[in-house]
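Subject: Handing over the structure

Hi there,

Here is the structure I promised to pass on to you. Please have it open while you read, and my notes follow just below it.

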Amino acid sequence: MTNTERAPWQRYLGLPYQWGGDPDRDGGTDCLGITLAVLALHDAPRPALNAEWHESAGRGRWLPLLHELDSVSETVPGGRALDVALLDGGAPIALGVCVAGGLITASRGDGVHWRPLADCRIRRWFQFLPSPS
């Protein structure tokens, strides 16, 4: 990639935060939507979007959501391209994907943005498991 070429995930930078939004369909997204969209761009393993995840999060029921996340992922050392981060700070939980030495994520205040890994408070790293065939 040359300096003038953009990585495919960069097209999402600057999109507004939209709870439950799909960045390709709605033009805005949340941290789960951007995580799944970036993984899809790279054909990386990811679960299908589960509406119950947004419902649980919207009601502040984070523990069932984290248990569900554990059932479709495995913990990894982290920091490699396309590893997913569970972040501390902001909302009780947030997700981001490692790309270009940083994380792409979405938050209410910043919309879709990228930050260097050194500027992120990461609770743990994981990768989604391949879906059963």
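Let me begin in the sheet: E2 and E6 form an antiparallel pair with four bridges between them. Within that pairing, Ala-85 sits opposite Trp-125 of E6. Please keep in mind that this is a predicted model.

**The overall picture**

The protein has four helices and six strands. Their order from the N terminus is α-α-α-α-β-β-β-β-β-β. The radius of gyration is 14 Å, close to the 14 Å that the globule rule gives for 133 residues, so the protein is as compact as a globular protein of that length. Along the principal axes, its C-alpha atoms fill a box of roughly 45 × 30 × 30 Å.

Of the 133 residues, 41% are buried. The accessible surface is about 7400 Å², and carbon and sulfur atoms account for 51% of it. If you look at contacts with a separation of 6 or more, 55% are between residues 24 or more positions apart.

**Following the strands**

Back to E2 (84–87), where both faces are covered. Val-84 and Leu-86 are buried on one side, and Ala-85 and Leu-87 are buried on the other. That fits a general pattern: in a regular strand, side chains alternate between the two faces of the sheet.

Besides E6, strand E2 also has E3 as a partner, again antiparallel and over four bridges. Here Val-84 has Val-97 as its bridge partner.

E3 in turn pairs with E4, in the antiparallel sense and over four bridges. One place to look is Cys-98, which stands opposite Leu-103 in E4. The hairpin of these two strands has two residues between them, and Ala-100 takes a positive phi near 50 degrees there.

How covered is E4 itself? Strand E4 spans residues 102–107, and five of its six residues are buried, so I would call it mostly covered, as the figures do.

From E4 the chain passes through a hairpin of three residues into E5. E4 and E5 (residues 111–116) pair in the antiparallel sense over six bridges. In this pair, Ser-107 stands opposite Gly-111 of E5.

**Helix H4 and what covers it**

Helix H4 runs over residues 62–71, and its buried residues include Leu-65, Leu-66 and Leu-69. These three cover an arc of only 100 degrees around the axis, which puts them on the same side of H4. Leu-63 and His-67 are exposed on the other side of the helix.

What lies over the buried residues of H4? The cover includes helix H3 (51–58) along with strands E1, E2, E3 (94–99) and E6 (122–128).

**Two residues worth a look**

The first is Ser-73, in strand E1 (residues 73–75). Is Ser-73 buried or exposed? Its relative accessibility is 9%, which is under the 20% limit, so Ser-73 counts as buried. A polar atom of its side chain lies 2.8 Å from the backbone oxygen of Leu-69, and Leu-69 is one of the buried residues of H4. Apart from neighbours within four places in sequence, Ser-73 is in contact with Phe-126, Gln-127, Phe-128 and Leu-129.

The other is Leu-82, which is in the loop between E1 and E2. Leu-82 has a relative accessibility of 21%; because buried means under 20% and exposed means over 50%, this residue counts as partly exposed. Leaving out residues up to four places away in sequence, Leu-82 touches Val-38, Leu-39, His-42, Ala-44, Val-97, Cys-98 and Val-99. Leu-82 and Val-97 are 15 residues apart along the chain, and their C-alpha atoms are separated by 5.6 Å. Val-97 is the residue we met above as the bridge partner of Val-84.

**And the N-terminal segment**

Finally, Pro-8 belongs to the segment before helix H1 (23–26). With 44% relative accessibility, Pro-8 counts as partly exposed. Pro-8 and Trp-114 are 106 residues apart along the chain, with 13 Å between their C-alpha atoms.

Happy browsing, and best wishes!

Terms used:
Residues are numbered from 1 along each chain as its sequence is written. This is a predicted model: local features need pLDDT of at least 70, side-chain atom pairs count only at pLDDT 80 or more; totals for chains, interfaces and linings use all residues. Side-chain values use heavy atoms; hydrogens and water are left out. Buried means under 20% relative accessible area, exposed over 50%, partly exposed in between (1.4 Å probe, protein chains only). A polar contact is a pair of N or O atoms within 3.5 Å; within protein, one must be able to donate a hydrogen and the other to accept it, and residues adjacent in sequence count only if both atoms are side-chain atoms. Contact means heavy atoms within 4.5 Å. The arc is that of the directions from the helix axis to the C-beta atoms. The radius of gyration is taken over C-alpha atoms; the globule rule is 2.2 Å times the number of residues to the power 0.38. Accessible areas come from the Shrake-Rupley method with a 1.4 Å probe; for residues, only the protein chains shown count as cover. Two strands pair if DSSP finds at least two bridges between them.
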